[in-house]
Amino acid sequence: MPTTKLNKFTIHYQNFEEYHLLKQEVFGEDMYYFEIDEDAGVRANIIDIGAHIGLSTLYFKYLFPLAQITAIEPHPANFKILEDNIWQNELDDVTAIQAAVIPGKEKTITLHADTEHSWFSTASLQERAWNLEQQTQPLQVPALQLSTLLQQHD
């Protein structure tokens, strides 16, 4: 599996082009940037839904090293890499959960993943992925409600 360094992090990834595009979006353009009032004495609690391989999780830990993060990723291959990236970088207070987040009742759902390019960030709940142009393979994954996650962090 390819590995690279980004800031202080070691990152495993599967697809070179996808990694670089997402790296630019997350770290280069700061698209996930937000501020927390650390003076309030409250420890940040972040839920990273669709964590993919963990670039956003690493970004949040870079910004908020004391934050408690729940990284949620449904795709089995992405989830394995997410766990590897959390372990490799010795991230404290990060929990990984393999699941999709849905508005309805918790159950197993079908995720449609790209089979042509291995761009697992484009997996979707609809066949042929988010743009309706990809060749996809159905995967059964567990699903959680957002309300369940929020109750765990009250």
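**Entry 1: the open sheet.** I looked up the three-stranded sheet in this predicted model. Its strands come in the order E3-E4-E5, the sheet is open, and the pairing is parallel. I then checked which strands lie at the edges. They are E3 and E5 (94–97), and each of them pairs on one side only. On average, neighbouring strands here are turned by 15° against each other, with direction ignored.

**Entry 2: E3 with E4.** I followed the pairing of E3 with E4, which covers residues 68–72. Five bridges join the two strands in the parallel sense. Within this pair I found Ile-46 opposite Ile-69 of E4. I also noted what packs on the sheet. Helix H3, residues 76–88, does so and touches E4 and E5. The direction of H3 makes about 165° with that of E5.

**Entry 3: Ile-49.** I placed Ile-49 in strand E3, which spans residues 45–49. Is Ile-49 buried or exposed? Its relative accessible area is 43%, so I have to write "partly exposed", since buried would need under 20% and exposed over 50%. Ile-49 also belongs to a nonpolar surface patch, together with Leu-146 and Leu-150. I wrote down about 250 Å² for the area of this patch.

**Entry 4: helix H2.** I went through H2, residues 55–63, for burial. Seven of its nine residues are buried, and therefore the helix is largely enclosed by the rest of the structure. Which residues of H2 are the buried ones? My list reads Leu-55, Ser-56, Thr-57, Leu-58, Tyr-59, Phe-60 and Lys-61. I next looked up what these buried residues pack against. The strands are E2, E3, E4 and E5, and the helices are H1 (16–28) and H3.

**Entry 5: the hairpin.** I turned to E1 (residues 3–6) and E2 (residues 9–12), which pair in the antiparallel sense over four bridges. In this pair Leu-6 stands opposite Phe-9 of E2. The two strands form a hairpin, with two residues between them. One residue in the turn is Asn-7, for which I noted a positive phi of about 55°.

**Entry 6: E7 and E8.** Last, I checked strand E7, residues 108–114. How many of its seven residues are buried? I noted five, so E7 is largely enclosed by the rest of the structure. E7 is joined by seven bridges to E8, residues 136–145, and the two run antiparallel. Across this pair I found Ile-109 opposite Val-141 of E8.

How values were computed. Residues numbered from 1 in each chain as written. Predicted model: local features only at pLDDT ≥ 70, side-chain atom pairs only at ≥ 80, totals over all residues. Heavy atoms only, no water. Patch = residues over 30% accessible without salt bridge, like charges linked within 9 Å, V, L, I, M, F, W, Y side chains within 5 Å. Areas by Shrake-Rupley, 256 points an atom, 1.4 Å probe, with all protein chains shown as cover. Salt bridge = Lys/Arg side-chain N within 4 Å of Asp/Glu carboxyl O. Buried < 20%, exposed > 50% of the residue type's maximum accessible area, 1.4 Å probe, protein only. Pairing = 2+ DSSP bridges. Axes fitted to C-alpha atoms, helices over the stretch in contact; angles between N-to-C directions. Contact = heavy atoms within 4.5 Å.
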